[in-house]
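Visitor: Could you take one part of this structure and go through it closely with me? I'd like a helix, what it packs against, and then any unusual backbone spots elsewhere.

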Amino acid sequence: MTSSRSLLTLALLASLALPACAATPKERVIPIGRVQGEGARSALDGQTVTVEGVVTGAFIEGLGGFFLQDSGDGNPKTSDALFIALEEGATPPTLTAGDRARVRGIVGERKAGGDATLTALHAPVIHARGKGNVAPTVLTAPPTDWKALEGMHVRIDAPLTLSGTHTLERFGELIASFDGRLWQPSELAAPGSEKAKRLAADNARRTLLLDDGSTQRDPATVWYVQNGQPLRTGTVLIGVQGIVDQRPGGWRLQLTAAPRIAAPQRPAAPQVAGNVRVAAFNLENLFNGDGKGGGFPTERGAKTPEQLKAQLAKLTATIRGLDPDIAALMELENDGYGADSSLAQLVAALNAGGGTWRFVDAKRGPGPDSIRVGLIYRSDKVKPTGKPATLQEGPFGERSRSPLAQAFVRGNGKPFVVVANHLKSKGCSEATGLDADQKDGAGCWNALRLDSARRLDAWLKTDPTRTRSDRVVMLGDFNTYAMEDPMRWLRDDAGWVDAFTQAGAEQPYSYVYSGLSGRLDHALLSPSLAKQLRGAAEWHINADEQDAQGYADGDASTPYRSSDHDPLLLGFDL
């Protein structure tokens with residue numbers, strides 16, 4: 001017979017055991033890899049779990065949480081790290097990298113752009129567990145699947161190429177890439193083709209954003225870039241390490257140390273053979289207010305007279321560096337040809353201290369757009385012959401800027417025709433039907449640009465300058481990459497010769513957009529003029545440079561970032 005004391009003891013033990021048993025499933029630590037799983041979303045979404053690991057990156061103020069990584073579950077297909085999202089308004093824990101912690105929280109998927117999500121623990125209860133260490137995973141090439149590394153600390157033992165700087169001032173990000181520069185797929189392959197799709201997929205595989213560990217907009221400084229350090233696309237980065245993270249914009253590293261960024265190699269002005277040099281240059285909106293020091297801020301371009309002065313200094317430094325005899329210009333303010341016009345004042349700036357620059361006066365326009373094309377030349381090198389001609393039919397004027405053609409002669413030579421062009425941009429405002437984005441990589445207004453190209457070819461076949469010259473170069477900003485419909489039609493169907501192909505140039509580019517390099521600026525030659533081409537070059541002083549080097553904030557005495565497009569230069573024997 002059991003005594004009353006024994007019964008009391010058993011009852012007490014039972015009362016103590018019940019809560020302990022009930023709490024055990026909640027407190028059981030599971031591997032982080034099991035939380036992450038092999039799929040795009042956690043199979044434990046919505047469940048409460050407990051994990052334990054080492055803090056590898058504490059971004060409590062910048063991202064509202066920290067990353068926790070354990071020793072692994074033995075499955076290479078699952079990530080061994082997790083983002084711990086702190087509740088808004090909660091007292092932030094005093095955690096730093098190297099702290100060990102046990103965390104209980106609710107598994108949830110955070111939106112990371114499109115269908116992508118970041119697996120995280122929410123409403124966390126955190127218990128310090130001393131100190132720990134997790135060695136970073138070493139990468140020498142892009143992984144097959146970044147998802148398997150989500151939240152993990154990695155070190156990249158391979159050089160990365162800086163492929164884009166346009167989001168640095170806005171978001172504290174740089175676009176980097178494995179295995180060299182990233183190329184616009186439609187620069188190398190026809191839009192929508194299988195090759196273009198493979199190139200796009202390869203770009204996605206090789207791209208990695210480098211982030212400052214913060215969601216702050218327009219940061220005053222970016223901690224991992226030295227103050228005042230100029231950055232250029234194409235520069236090599238060494239010693240990159242951080243936490244693999246997925247947020248809108250794509251896979252990224254929240255950096256845990258500043259990478260070593262090689263000093264930028266800025267190219268000298270190009271040299272081309274030949275006795276006539278022809279350049280093309282998009283000025284990126286040269287607007288001069290009322291032309292008398294007032295009228296600021298302008299519709300586009302410089303916001304103050306001081307900015308205009310700096311802009312003109314950079315533009316003249318660029319044109320003088322190119323040293324052309326003729327230059328086709330884009331994005332001039334369409335304000336006539338008087339002494340107060342932007343064109344006249346650019347030429348006056350070029351002639352300051354002595355010069356022979358003149359501009360072609362088309363009497364009007366060309367075209368009704370707020371910006372126009374222009375032609376300038378050195379009167380001691382070449383002479384215009386005949387009258388200038390413009391095309392304002394169809395899409396020209398309303399969408400594509402009206403082209404300007406002028407014949408020139410060198411000495412007693414035969415005339416040759418130079419045509420300045422600027423086709424409709426890829427911006428999608430008002431685009432409908434075939435002009436809307438067809439999702440093939442060509443962007444908006446591709447159909448209109450193709451129509452513009454066909455009309456341009458037909459117009460030039462009518463000899464608009466009335467000089468009977470079959471030696472023609474049309475050049476400028478076509479807003480189309482090399483393998484898109486307008487350029488392919490002009491080359492393959494109309495017989496125009498790509499000057500850079502003719503000159504044997506290796507992978508030319510003039511523009512960098514969202515980290516992708518390609519050519520929006522082209523020079524096309526009639527077959528007879530192609531025989532007299534002696535060289536073609538681009539001066540990479542703009543597309544690779546960051547915005548901070550421009551006239552608003554940069555050094556006005558240098559040509560770097562005088563525009564967002566690189567100028568091109570051709571040399572002919574005429």
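Guide: Here is a walk along one helix and its partner, followed by a few backbone details. Bear in mind that this is a predicted model.

Let's start with helix α9, which covers residues 446-460. It has 15 residues and spans 21 Å from its first C-alpha to its last, close to the 21 Å expected at 1.5 Å a residue.

Now for its partner. Two packed helices are described by the angle between their axes and the distance between the axes. For α9 and helix α10 (residues 485-493), the angle is about 25° and the axes lie 8 Å apart. Angles under 35 degrees count as roughly parallel, so α9 is roughly parallel to α10. As for handedness, α9 and α10 cross in the right-handed sense.

Who touches whom? On the α9 side, the residues are Asn446, Arg449, Leu450, Ala453, Arg454 and Asp457, and from α10 they meet Asp485, Pro486, Trp489 and Leu490. Sorted by character, the residues of this contact come out as five nonpolar, four charged and one polar.

Several of those α9 contact residues turn up again when you look at burial: Asn446, Arg449, Leu450, Ala453 and Asp457 are among the buried residues of α9. Also buried in this helix are Leu448, Ser452, Leu456, Trp459 and Leu460. And α10 has company in covering the buried residues of α9: the cover also includes the strands β19 (383-390), β20 (401-409), β21 (416-422) and β22 (472-477).

Away from the helix pair, a few backbone details deserve a look. Start with the cis peptide bonds. One joins Phe296 and Pro297, with omega about 0°, and Pro297 sits in the loop between β15 (276-286) and α7 (305-322). Another runs from Gly365 to Pro366, where omega is near 5°; Pro366 belongs to the loop between β17 (357-359) and β18 (371-378).

Then there are positive phi values in residues that aren't glycine. Asn285 has a phi of about 65° and lies in strand β15. Its relative accessibility is 15%, so Asn285 counts as buried. Ser514 is another case, with phi near 50°. Ser514 is found in the loop between β24 (511-513) and β25 (516-518), and with a relative accessible area of 38% Ser514 is partly exposed.

Technical notes
Residues are numbered from 1 along each chain as its sequence is written. This is a predicted model: local features need pLDDT of at least 70, side-chain atom pairs count only at pLDDT 80 or more; totals for chains, interfaces and linings use all residues. Side-chain values use heavy atoms; hydrogens and water are left out. Axes are lines fitted to C-alpha atoms, for helices over the stretch in contact, and angles run from 0 to 180 degrees between N-to-C directions. Helices (H or I, at least four residues) and strands (E, at least two) are DSSP runs, numbered from the N terminus. Angles under 35 degrees count as roughly parallel, over 145 as roughly antiparallel, 65 to 115 as roughly perpendicular and the rest as oblique. A crossing is left-handed if the near helix is turned anticlockwise from the far one by less than a right angle, and right-handed if clockwise. Contact means heavy atoms within 4.5 Å. Ala, Val, Leu, Ile, Met, Phe, Trp, Tyr, Cys and Pro count as nonpolar, Asp, Glu, Lys and Arg as charged, and the others, Gly among them, as polar. The expected span of a helix is 1.5 Å times one less than its number of residues. Buried means under 20% relative accessible area, exposed over 50%, partly exposed in between (1.4 Å probe, protein chains only).
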